[in-house]
Amino acid sequence: MARDAKIMSAAYRQYRQDRDARRLELERREEEVYRRLPRVEAIDRELRGTAAKIVLAAFQQDGDAEEALLALQQSNLELQRERAELLVGGGWPFDYLDGAPACPHCRDSGYLPDGRPCQCLSAYYTREQNRRLSKLLDLGNQSFSTFSFDWYSPEVWAEYGRSPLENMRMVRAICAEYARSFGRRDGSLLFTGAPGLGKTFLSACIAREVSEHGFSVVYDTASHIFQQFESAKFGRENPYEEDPDREINRYLNCDLLLMDDLGTEMTTSLIPPVFYRIVNDRLLNHRRTVLSTNLTVEQLGQRYGGAVLSRIRGEYQTLLFFGDDIRLLRRDRQ
């Protein structure tokens with residue numbers, strides 16, 4: 001599973017801040033309690049010295065620490081009981097000063113013993129990734145559960161042999177299964193059809209669910225993506241104030257790339273080979289891609305060349321969008 005280094009860095013920074021905030025809060029609580037109940041502070045000092053007492057007892061008992069250990073355990077239980085009674089009597093919960101790690105798996109380090117990110121840190125990664133995706137996609141409102149079929153006509157279009165409604169029920173089902181099974185099988189999608197039919201909405205639905213499963217997701221427009229490659233190749237000024245090489249690495253190595261508005265960018269001689277590189281590299285490395293375009297499959301071939309058309313036809317599942325422009329329907333119904 002690929003991780004975006006910049007997103008992971010931001011996630012870990014927030015993770016540490018929250019961990020440190022918990023530690024500061026515990027220190028504040030201890031200061032509050034110790035000031036009012038000095039006996040609790042004395043008990044805590046005594047409990048923290050238990051390990052040293054066990055070692056000392058073992059030497060004093062000619063190496064047999066069992067009896068001393070049982071006595072210390074009993075003493076600790078009595079101290080813990082007294083501590084809890086003092087806290088409750090003072091108006092606090094009995095566990096008010098408990099400083100156990102929030103995550104028992106990594107003990108708040110963020111990483112497991114084998115070096116993998118712990119699930120607690122992965123949750124921070126997902127939140128940071130979704131926060132960044134939400135700048136481009138409306139992840140807050142766009143999900144498979146909120147997808148509405150009300151905008152699609154039940155009348156059969158003779159050109160396609162089915163209605164827009166029937167077609168979109170099928171398309172949504174395919175997209176939902178694609179997101180649910182992501183990571184268990186290879187496969188990429190091509191969304192093709194006129195504007196205003198739900199392509200970006202379903203892209204957001206897929207991005208949201210795949211991201212919540214812990215995978216790295218990058219959503220961007222084709223024009224922005226191609227701009228990064230041009231800036232990297234020709235050293236042109238980058239209007240987005242980004243590191244082109246780092247952005248290119250994200251596009252090629254993320255678990256899921258959603259490339260929107262393909263075909264709306266200005267055509268240059270660099271774009272066809274760059275697009276082929278994106279498609280081919282990601283297929284060879286078993287990384288999944290969702291392409292969204294207003295062009296037909298044949299028009300994609302005319303614009304980007306036969307090699308990329310062959311790869312898309314052979315490796316992508318094409319989902320056709322047709323119907324009335326939802327944006328215009330919304331405007332007319334207002």
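These legends walk through several close-up views of a predicted model.

**Figure 1. The whole protein, before zooming in.** The chain has 334 residues, and 44% of them are buried. Its secondary structure comes to 13 helices and five strands. If you look at contacts between residues at least 6 apart in sequence, 75% of them join residues at least 24 apart.

**Figure 2. D108, a buried residue in a loop.** Here we're looking at the loop between α4 (66-89) and α5 (119-133), where D108 is found. D108 has a relative accessible area of 10%, under the 20% cut-off, so it counts as buried. Its side chain makes a polar contact with the side chain of R22, at 3.5 Å. A polar atom of the D108 side chain also lies 3.1 Å from the backbone nitrogen of A102. Leaving aside residues up to four places away in sequence, D108 touches Y15, R19, R22, P101, A102 and C103.

**Figure 3. R107 and D108, two residues with positive phi.** R107 is found in the loop between α4 and α5, and D108 is in that loop too. Phi is near 55° for R107 and near 65° for D108. Both values are positive, and neither residue is a glycine. What about accessibility: is R107 buried or exposed? R107 has 59% relative accessibility, over the 50% cut-off, so it counts as exposed. D108, on the other hand, is buried.

**Figure 4. Helices α1 and α2, meeting at an angle.** Helix α1 covers residues 5-36 and helix α2 covers residues 38-48. Their axes come within 5 Å and cross at roughly 120°. That angle makes the two helices oblique to each other. On the α1 side, V33, Y34, R35 and R36 take part in the contact, and they meet P38, V40, E41, D44 and R48 in α2. Sorted by class, this contact has four nonpolar, no polar and five charged residues.

**Figure 5. Helices α6 and α7, running roughly parallel.** This view shows α6 (residues 164-180) with α7 (residues 199-212), whose axes come within 9 Å. The axes cross at roughly 20°, which is under the 35 degrees cut-off, so the helices count as roughly parallel. Their crossing is right-handed. Which residues of α6 meet α7? They are M168, V171, R172, C175, Y178, A179 and R180, and their partners in α7 are L202, I206, E209 and V210. Of the residues in this contact, eight are nonpolar, none are polar and three are charged.

**Figure 6. Helix α9, its cap and its buried residues.** Helix α9 spans residues 244-253. At its N-terminal end sits a cap, D243, with a side-chain oxygen 3.1 Å from the backbone nitrogen of D245. Within the helix, P244, E247, I248, R250, Y251 and L252 are buried. What do these buried residues pack against? They pack against two strands, β2 (217-221) and β3 (256-262), and two helices, α8 (222-234) and α10 (271-284).

**Figure 7. S231, with D243 in the frame.** S231 has its place in helix α8. With a relative accessible area of 5%, S231 is buried. Also in the frame is D243, the residue that caps α9. S231 and D243 are 12 residues apart in sequence, and their C-alpha atoms are 9.1 Å apart in space.

Notes: Residues are numbered from 1 along each chain as its sequence is written. This is a predicted model: local features need pLDDT of at least 70, side-chain atom pairs count only at pLDDT 80 or more; totals for chains, interfaces and linings use all residues. Side-chain values use heavy atoms; hydrogens and water are left out. Helices (H or I, at least four residues) and strands (E, at least two) are DSSP runs, numbered from the N terminus. Buried means under 20% relative accessible area, exposed over 50%, partly exposed in between (1.4 Å probe, protein chains only). A polar contact is a pair of N or O atoms within 3.5 Å; within protein, one must be able to donate a hydrogen and the other to accept it, and residues adjacent in sequence count only if both atoms are side-chain atoms. Contact means heavy atoms within 4.5 Å. Axes are lines fitted to C-alpha atoms, for helices over the stretch in contact, and angles run from 0 to 180 degrees between N-to-C directions. Angles under 35 degrees count as roughly parallel, over 145 as roughly antiparallel, 65 to 115 as roughly perpendicular and the rest as oblique. A crossing is left-handed if the near helix is turned anticlockwise from the far one by less than a right angle, and right-handed if clockwise. Ala, Val, Leu, Ile, Met, Phe, Trp, Tyr, Cys and Pro count as nonpolar, Asp, Glu, Lys and Arg as charged, and the others, Gly among them, as polar.
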